[in-house]
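Please open the structure in your viewer and keep the sequence panel beside it, since this tour moves from one selection to the next.

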Amino acid sequence: MSEKAIIYSVPEAAMKGAHVSGMPAYLKLVAEADADHGAYWGRLAREFVSWKTPFTESLDEREAPFFKWFEDGTLNASFNCLDRHVERGQGDKVAILFEADDGRINRVTYSDLLARTCRMANALKARGVKKGDRVVIYMSMSVEGVVAMQACARIGATHSVVFGGFSAQSLRERITGASAVMVITADEQLRGGKQLPLKAIVDEAMALGGCESVKDVIVYRRTGRQIAWEASRDRWMHEETQAQADTCDPEWVGAEHPLFILYTSGSTGNPKGVQHSTGGYLVHAAVSSTWTFDLKDDDVFWCTADIGWVTGHTYITYGPLAIGATQIIFEGVPTYPDAGRFWKMIQDHKVSVFYTAPTAIRSLIKAAEANEAVHPRSYDLGSLRILGSVGEPINPAAWEWYHQHVGGGRCPIVDTFWQTETGGHMITPLPGATPLVPGSCTLPFPGIAAAVVDETGNDVPNGQGGLLVVKKPWPGMIRNIWGDPERFKSSYFPPELKGYYLAGDGAIRDAESGYFTITGRIDDVLNVSGHRMGTMEIESALVSCTALVAEAAVVGRPDETTGETICAFVVLKGPRPTGDEARKVATELRNWVAKAIGPIAKPKDIRFGDNLPKTRSGKIMRRLLRSIAKDEAITQDISTLENPAVLDQLMERN
Ligand code: ATP
Ligand code: MG
């Protein structure tokens, strides 16, 4: 990074009045955490969260790696997200501005949201749901989805949100895995002008068997389409809630009480049911929402993630509400009615802080370059102040485009590295403090002991790649894999790593600045004739061929002579080439990579698809690409795969 790195210093306007303003302020927080990790997080826990009973000890490490934070404190997450803002006189502030697929807008104040949450909580109680029970939520983006989550939190039930795109089989596994007593769903969802079934899939999941623990299915009427009805089990949400009181005393729970279970996206293996706490999680959510997005009272925040993913949990349902922010929730997709939808919504609602994923940015670049009308410069995006990225590494070319065309060259981009397991941001710039380098997630969040080590847990010098670990526990961390403590220990705390948390990603720190760059998943490091290369580096080189390439993924194929050979899967900006044309473009791209990195990095095999196989959260499923590269039959779990049709295209060799 050091020679070529382009550094963007912190703009004056971003520094002014920021929660964390200037590098010295960042370093002061880091020093405070270094001096006394427990005391530092304890201070933040008292400042950012309201406790019913104060905790007396921050961190209990006696049963490591089953760490406990703020254990004897009691609180309620929904009280923190709703009641306390109303009590402080913020009841009339808009909590959620909901924009439906068809553009209809609904503003929900903090008072409204509290009343709706209470009615829902009372309805759950009336059906016998109690503290400690698990409730599966299978809904699309909606105020009702957030209300359902908050209502569970209010009564101490543990929710498990399942993304509304999952199949009956995946849903069933998640229902049985949690022994859920209730499923909350909708008749249908509306996305991109299409009505897609939800309740019918719940019915199908239940029919697969094993879901006997479910007593009730609560159905939100979204589209009103006729659906099958099982009178002994199905209940309309509006009927259940209408007669309920709009107050409901929160159930005070211990800080370690499981707030939710959430499955990882499944890009590397079978999804894991990640169990999170209430107290520590909320502290991490609230502090990171404040510092990473520098949210102020008059900001309009928009996180485009789905509530079915951790980003939607921490940076929609919990973080922004915990700090009393105003946010947008969007039902639809970025490409409907056209690929200018995001830009139009930013313009219409004067969004000031915008948080999205590289996969969305890349697809919108492709659309904008083909059609000026949906280019961000055709909209007034002057309200934007901070941009964010999450979910995958953002390659420098996409970063620059996002910075220039969406942020008008003036908005810092926070490239936030974190995981379902980490609960909140781990390595990220703070917009008023951290100079930016495109493609780098920069420095650890204050209080996160991130480091790069070798296979035995020893630090590697800056400038050398290694395993990304976290040396000390932090409040928002995963507490367990639901029902599988052994897998929890072996996946995240392997014995050879000195008790450090293993993220599963590779990283490298810049020799001078110490900035972190994520080099890809641990199993994404290639060894070609003794040269070690991250797949990310080759992908970035391919994507930097902006005239041709829209997206690329690189994997290794075992090779007897060279150890591994490089296979690249490429989506072009133009139509997918075949035959001679494909071979011609492949040669061009090979030469391009040779020039950008060196001949050793030339992909041996290049294949073209209309898209790449992605999880429903938009991440590239590299484990499938590895099988395809080896010409293996695909026998793995593809239930989280969004677009199975592209697999056939990618199997074609050029
Ligand atoms: P599974 O663990 O089931 O394979 P997953 O890791 O894709 O699924 P998530 O928890 O949603 O599930 O994603 C976390 C991962 O996403 C990280 O480990 C990292 O690989 C990637 N990631 C997230 N944000 C960033 C970022 N800003 N830069 C680089 N990588 C990122
Ligand atoms: Mg993961």
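Is G391 buried, exposed or partly exposed? Select G391 in this predicted model and you will find a residue with 36% relative accessibility, which counts as partly exposed because the buried class lies under 20% and the exposed class over 50%. G391 sits in the loop between β19 (386-390) and α14 (396-406).

Next, widen the selection to the residues that an unreviewed UniProt entry annotates as "binding site", among them G391, E392, P393, W418, D505 and R532. These annotated residues do not all gather at one spot, because they span 142 residues in sequence and the farthest two C-alpha atoms are 28.1 Å apart. Of the annotated residues, E392 and P393 are included in the lining of the largest cavity.

Now select W418, which belongs to the loop between β20 (413-416) and β21 (450-453). With a relative accessible area of 9%, W418 is buried. If you leave aside its neighbours within four places in sequence, W418 is in contact with several residues, including V310, T314, Y355, V390 and H425. Show the side chains of W418 and Y355, and you can trace a polar contact of 3.1 Å that joins them.

Finally, turn to the open sheet of four strands, whose order is β21-β22-β24-β25 with antiparallel pairing. The strands β21 and β25 (516-521) stand at the edges with a single partner strand each, so one side of each has no neighbour in the sheet. Neighbouring strands here are turned by 45° against each other on average, direction ignored. Strand β24 (residues 501-509) pairs with β25 over five bridges in the antiparallel sense, and A507 stands opposite I518 in β25.

Conventions. Residues numbered from 1 in each chain as written. Chains lettered and ligands numbered in written order. Predicted model: local features only at pLDDT ≥ 70, side-chain atom pairs only at ≥ 80, totals over all residues. Heavy atoms only, no water. UniProt positions renumbered as here; feature names shortened; annotations may be inferred. 1 Å grid on protein atoms, 1.4 Å probe; cavity = no way out; pocket = protein on both sides within 12 Å on 5 of 7 lines; lining within 4 Å. Helix = DSSP H or I, 4+ residues; strand = E, 2+ residues; numbered from the N terminus. Buried < 20%, exposed > 50% of the residue type's maximum accessible area, 1.4 Å probe, protein only. Contact = heavy atoms within 4.5 Å. Polar contact = N/O pair within 3.5 Å; in protein donor to acceptor, adjacent residues only side chain to side chain. Pairing = 2+ DSSP bridges. Axes fitted to C-alpha atoms, helices over the stretch in contact; angles between N-to-C directions.
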